[in-house]
Amino acid sequence: MSTETNTIEQLANKEYKYGFVTDVEQETIPKGLNEDVVRLISDKKGEPEWMLEWRLKAFRHWSSLERAQAEPRWANIKYGPIDYQNLRYYSAPKNRPKLNSLDEVDPEVRRTFEKLGIPLEEQKLLAGVAVDAVFDSVSVATTFKEKLRELGIIFCSFSEAVKEHPDLVRRYLGSVVPYTDNFFATLNSAVFSDGSFAYIPKGVRCPMELSTYFRINARETGQFERTLIIADEGAHVSYLEGCTAPMRDENQLHAAVVELVALDNATIKYSTIQNWYPGDKEGKGGIYNFVTKRGKCQGKNSKITWTQVETGAAITWKYPGCILQGDNSVGEFYSVAVTNNYQQADTGTKMIHLGKNTKSTVVSKGISAGHGQNSYRGLIKIQKNATGARNFSQCDSLLIGDKCGAHTFPYMEVKNSTAKIEHEASTSKIGEDQIFYCKQRGLSTEDAVNMIVNGFCKEVFRELPMEFAVEAQKLLSISLEGSVG
Amino acid sequence: MQSTNKDWYLASFEAFEKSLNGEMKSSFHGIRKEAIGRFAELGFPTTKNEEWKYTDVSPLTRLRFQPVLQYAGEGVSKKDIERFRLGIQDSHVLVCVNGHFSRELSAIGKIPAGVRLGGLAEEIRSGNQLVEQYLARKAKYENDSFTALSTAFLMDGIFVRVPDGVVVDRPIHVIFISQNQDTEVVVHPRTLVVAGKSSQAAFVESHVSLSSRPYFTNVVTEIVLGENAVVEYDKVQMDSTSAFHISTTHVYQERNSNFASNAITFGGLFVRNNITAVLDGEGSEATLNGLYLATGEQLVDNHTTIDHAKPHCPSHELYKGILAGKSRGVFNGKIFVRKEAQKTDAKQTNKNLVLSDEASIDTKPQLEIFADDVKCTHGATIGQLDDEALFYLRSRGVGLEKARDILIYAFASDVVDKIKVAEMRETLQAMLHDRLEQSRAFNKN
């Protein structure tokens, strides 16, 4: 086994591929958080009065929470105290002129994106991906906007939406994740920097996958995106989000909020690949990913699908959920979460069944390697009036190595006698006989492991859009390299 | 409004201490004092406490229960005991009335040499070595308010010692009777079972009552299994429908021992069962089964923990619940697999049948695994009777009510059938029928 261990170790020792710092002049504000900072952020972004009011309301609520030390501590993760006054809450690349074409984008920034493989260049555009690239809080360039506009689809940065579509933003902002929702969502509501906004009008099927890349660049800058997607009656949209962050020593805080609203017969598919910097092999550094994502199936027959591949971040705390309010609405959650080295993940979903004949499916695959700790935490709640609700949950864990941990905390709360709930969970390791079988047929150990792991995750990868599925498989094998010996 | 009555319990502890007189100087009293101190710090759990998330104890803590300091068995006759024998004709019967052991009412048959069956109080008084070694050591009270309370008020209960290599061939039936005509009482009976190496014994613990006034039973059981010991521990809870019942069972297993428990919950208004099995020896095996049938305003909460501390241990768990009326069910099953517990094979199943719109169930199976070469699964379902199965039966001329009964009965008998004490199994099957009828009657009203 030792020779195998060596090759795998070599693979494991590969440096974080996306660890580099872009040298762009940054416009930042002093560290710390107080009302003035909130006003300053709002002012810098040229926001209207109502937006500032909303931020301030959230900030005041957050201050009271912080005083009461109400930072959530129930999750199965361990981290030192976060000094919220020692973070910078705004950072933007300097001198931002209005950009009309890609050529105007700072070449340094563009090279960063190229290294990341973000399809911002022309040829990638031809591949049919519209990208709203968030580079440290400010939208740098938005592509394919024109084409989408023809169909009446609004896809822009959040700050732009605040200015240009205030009615929509005011109507839906906070309607799924209110500013009082939880500690991190409240913090986000006060200081959110930017994010994406999409509105798909009635009966329109979005012709391409909408996509955003988030990237944390400046040191010690918490990134607080806010995404709002609204699918009007009969609309259909698939949204992709991917994250990569450069190597840093300090732990960086990422507290995003995503809100989805699906009206009658609308469908939203939200896919995420999360590959923030996970920290080094000793567990030093890495991103704290404390995210609140929630979708509301507000209308009849609406459907929201969450698909996530979580390979990065030192700590992940994330529960994309669905509120199944409309009758016959459907919520789905497919997740692969990988923890290697000293990564910790406490992730899962919440399915709140309110409407009649609502259905939800949960498929969660957790892979733990090294010293990684992986927890699935899910809530299935059937309210009194949710007649005929149906849920199927499956959470499987794969353990690689004897120092990692896999945990499951499923909660099922049923208040209606017609509900049918099924939950299954299993934990296992890659069998020696499986590896032996593959090796006997001429595969190397790491290929065999890759193959088995990919097979284990297949149910989830199948749900990802094509280009993401390929990237997800690659990411998975990079994150797991060196974990078998 | 803060009316959890914590102070009430602290005050009654002082009264209790006074009643102890000379015994206050005994070494065990130090543990009592420590426990009440711990309780004073902990107070009663709230729903913010993850272990009590779904069960609000305020209906219990609002009431002022009186501790029962003296044995008073006058109101109970031998005839009453006959009624409570669950059809087991041939058994050693140990009776506790309001938490105090009664030698008059007990009927202990011929027992193998070295076996001790009897009251716990006298064993504490006589300074039994095993009592010193195990009592209040296995059931940790540091983080559990009710165990702390039980330890603080510990006076009497049952002590069973089976020496190495001895097989007790007849079941040992422990009957806890509540008998309170005038006041609301609280009792804290304690059972300590020490099964030696390669010994074997089967227990039945039943809880019954002779009055309809509310009472609170806070029972703690500690079971220690030596190497190769085999113990079955069945618990049948038939308290009155105004009773509060909290039971905590701690099982500690050494190498190659085998423990099986079947917990049947029929009675009580507010029931919480905690059972923890620690597999602390290679090759030991634990089976925890449970059945809860709740109707009316009942609340039944089952919390189970299986702690795999050593390698090569299998564990099995099957809990089934039937919820009718306005009842509430809670299930939490934890399985811990420690770092060194390789080759663990743990299986947990929780199935719930919800029969009425007013009933609700919260279930939370939970796995925490720190070893890699393990097989662990858990499954939980919540559902109703299968329409197709009902249709099948009706198409064969079985009436709707009868058909439902057959299906519910089949659902429940999975657990009942696992009980090894044959005579009791039959009694329970009959009781199950009665209970189903009752719940149907309730639904009609």
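Why are the end C-alpha atoms of helix α3 of chain A 27 Å apart? To follow the answer in this predicted model, select residues 49–67 of chain A, which form helix α3. The helix has 19 residues, and at 1.5 Å a residue these should span 27 Å, so the distance of 27 Å between its end C-alpha atoms agrees with what is expected.

**Around the helix**

Keep α3(A) selected and colour A:R55, A:A58, A:F59 and A:W62, which are the buried residues of this helix. They cover an arc of only 110° around the axis, and therefore lie on the same side of α3(A). If you now show α2 (35–44) and α9 (183–191) of chain A as well, you will have on screen the elements against which the buried residues of α3(A) pack. Turn the view to the face of α3(A) that looks away from its buried side, and there you will find the exposed residues A:E49, A:E53, A:S64 and A:R67. Before leaving this region, select A:Q69, which follows α3(A) and has a positive phi, near 50°.

**Where the two chains meet**

Next, show both chains together and look at their contact, to which chain B gives 31 residues and chain A gives 30 residues. On the side of chain B that touches chain A, select β20 (360–369) and β21 (375–383), each of which supplies at least two residues. The largest share of that side, ten residues, comes from β20(B). Coloured by character, the residues of the side of chain B that touches chain A divide into 13 nonpolar, ten polar and eight charged.

Now add strand β24 of chain A, residues 420–429, which is joined to β21(B) by seven bridges, the two strands running antiparallel. As a landmark within this pairing, pick A:I421, which stands opposite B:I382 in β21(B).

**A covered strand in chain B**

For the last stop, select strand β8 of chain B, residues 190–195, which is mostly covered, with six of its six residues buried. In a regular strand the side chains alternate between the two faces of the sheet. Here B:R190, B:L192 and B:V194 point one way from β8(B), while B:T191, B:V193 and B:A195 point the other way.

Then bring in the partners of this strand. Strand β5 of chain B, residues 157–162, runs parallel to β8(B) and is joined to it by six bridges, and within this pair B:F159 stands opposite B:L192. Strand β10 of chain B, residues 215–225, also pairs with β8(B) in the parallel sense, over six bridges, and here B:V193 stands opposite B:I223 in β10(B).

Terms used. Residues numbered from 1 in each chain as written. Chains lettered and ligands numbered in written order. Predicted model: local features only at pLDDT ≥ 70, side-chain atom pairs only at ≥ 80, totals over all residues. Helix = DSSP H or I, 4+ residues; strand = E, 2+ residues; numbered from the N terminus. Expected span 1.5 Å × (residues − 1). Buried ≥ 20, exposed ≤ 12 C-beta atoms within 10 Å, placed from the backbone. Arc of directions from axis to C-beta. Contact = placed C-beta atoms within 7 Å. Nonpolar A, V, L, I, M, F, W, Y, C, P; charged D, E, K, R; others polar. Pairing = 2+ DSSP bridges.
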